[in-house]
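Me: I've got this one open in the viewer and would like a close look at a single part of it, the sheet. Could you walk me through how the strands are arranged and what sits around them?

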Amino acid sequence: MTTETATDVFEEHRPVLLGVAYRMLGRVADAEDVVQEAWLRWSGSDRGDVREPRGYLVRITTRLAIDRLREIKVRGETYVGPWLPEPYVTDFGDTVPDTAERAVLADSVSLALLVVLESLSPLERAVFVLREAFGFPYADIAAMLDRGEPAVRQLAGRARKHVEERRPRYEVDPARRRDLTERFLAAAAGGDLEGLMELLAPDVRLVGDSGGRKRAPLRVLRTADKVGRFLVGAARKSYSGLSVRFLELNGGPAVLFLSGGRPDSVFQLDVADGRVQAVYIVRNPDKLRSLAAV
């Protein structure tokens with residue numbers, strides 16, 4: 001395999017590798033670093049015996065992501081306020097024409113799921129991502145992780161049970177989520193507390209991630225009354241003069257607020273039964289850098 005061919009092969013599989021790394025880490029910059037390291041290892045290796053490049057590259061990327069995740073956990077980084085994954089631009093376009101497959105991919109990168117995945121061990125998370133998001137056979141995952149297949153199946157079962165017990169239910173239809181998002185924004189911006197309350201589930205949650213860098217709740221807000229009043233007050237104080245842009249983040253419609261052309265914050269809603277179940281707000285500037293060029 002020539003250097004030029006090796007580059008073409010890697011670029012062909014880069015989206016999958018970045019998808020694996022991001023789902024493992026929940027951080028765009030870390031995922032890109034892992035994929036870059038995978039490229040260095042791929043380009044510097046003897047590729048003569050590689051019969052299935054995709055599996056080989058996913059194995060390298062997964063192991064690097066596991067190492068990075070373990071480093072993060074060992075450092076025990078403290079974080080001010082609630083933590084959310086870094087927003088990740090997803091635009092499947094025509095690359096995923098099948099509606100069912102698109103729904104699976106969208107769900108596998110949702111903010112709600114990635115928050116739950118943070119509580120898994122690195123190995124459990126790797127097995128869950130490879131199996132549930134990318135459909136790798138257990139035998140292939142076992143080879144990638146140097147584990148026996150029975151052990152991998154056990155890890156998968158434990159991870160799946162953990163996720164199912166903690167993952168909130170939400171509507172995946174993008175059109176319905178977009179419609180409710182537009183109505184939600186109009187009510188909040190207009191100071192229409194009554195209209196906003198009609199859109200919020202009684203037990204709605206608001207999770208604000210600023211890392212202590214900008215104004216945002218330092219605790220998760222719960223109940224429609226608290227969330228509604230906070231949003232109306234925040235819209236009145238903080239969001240005048242900001243421009244708004246809709247885009248697809250983490251598999252669903254989201255709103256990017258811009259100040260002077262620069263990302264200020266991201267809003268995304270979880271919707272079920274026609275009501276907003278969760279409001280996610282990301283304001284940490286470090287987590288919005290990747291959106292500057294969107």
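Reply: Here is a tour of the sheet, strand by strand, followed by a few spots around it.

Bear in mind that this is a predicted model. The sheet is open and has six strands, in the order β2-β1-β6-β5-β4-β3, with mixed pairing. The edges belong to β2 (221-222) and β3 (243-249): each has a single partner strand, so one side of each is left without a neighbour in the sheet.

Start with the parallel part. β1, residues 200-209, runs parallel to β6, residues 275-282, and six bridges link the two. If you want a landmark there, take arginine 205, whose bridge partner in β6 is alanine 278. Alanine 278 turns up again when you look towards β5, where aspartate 270 stands opposite it. So what is the sense of the pairing between β5 and β6? Those two run antiparallel, joined by seven bridges. They also form a hairpin with two residues between the strands, and aspartate 273 has a positive phi there, near 55°.

Carry on across β5 and you reach β4. This pair is antiparallel too, with five bridges, and phenylalanine 257 has serine 265 in β5 as its bridge partner. Again there's a hairpin with two residues between the strands; the one to click on is glycine 260 in the turn, with a positive phi of about 60°.

How much of β5 is buried? Of its 11 residues, 10 are, which leaves the strand mostly covered. Now bring in helix α9 (residues 174-189). This helix lies across β1, β3, β4 (252-259), β5 (262-272) and β6, and runs at about 120° to β5. Just beyond the helix, in the loop between α9 and α10 (193-199), sits glycine 190. Is glycine 190 buried or exposed? With a relative accessibility of 59%, it counts as exposed, the cut-off being over 50%. Its C-alpha is 8.3 Å from that of alanine 235, although the two are 45 residues apart along the chain.

At the other end of β1, have a look at serine 210, in the loop between β1 and β2. Serine 210 has a relative accessible area of 2%, so it is buried, the limit being under 20%. Its side chain reaches the backbone oxygen of lysine 214 at 3.0 Å. Leaving out neighbours within four places in sequence, serine 210 touches Tyr79, Ala216, Arg283 and Asn284.

One more loop is worth a click. Valine 109 lies between α4 (99-108) and α5 (111-117), and at 0% relative accessibility it counts as buried. Beyond its neighbours within four places in sequence, valine 109 contacts Tyr22, Arg23, Tyr88, Thr90, Leu114, Asn250 and Gly251.

Finally, a helix pair to round off the view. The axes of α6 (residues 122-133) and α8 (residues 149-166) come within 8 Å and cross at roughly 90°, which means α6 is roughly perpendicular to α8. From α6, the residues in the contact are Leu123, Glu124, Val127, Phe128, Arg131 and Glu132, and they meet Val152, Leu155, Ala156, Arg158, Ala159, Arg160 and Val163 of α8. Sorted by type, the contact has eight nonpolar residues, five charged and no polar ones.

Definitions and conventions: Residues numbered from 1 in each chain as written. Predicted model: local features only at pLDDT ≥ 70, side-chain atom pairs only at ≥ 80, totals over all residues. Heavy atoms only, no water. Pairing = 2+ DSSP bridges. Helix = DSSP H or I, 4+ residues; strand = E, 2+ residues; numbered from the N terminus. Contact = heavy atoms within 4.5 Å. Axes fitted to C-alpha atoms, helices over the stretch in contact; angles between N-to-C directions. Parallel < 35°, antiparallel > 145°, perpendicular 65-115°, else oblique. Nonpolar A, V, L, I, M, F, W, Y, C, P; charged D, E, K, R; others polar. Buried < 20%, exposed > 50% of the residue type's maximum accessible area, 1.4 Å probe, protein only. Polar contact = N/O pair within 3.5 Å; in protein donor to acceptor, adjacent residues only side chain to side chain.
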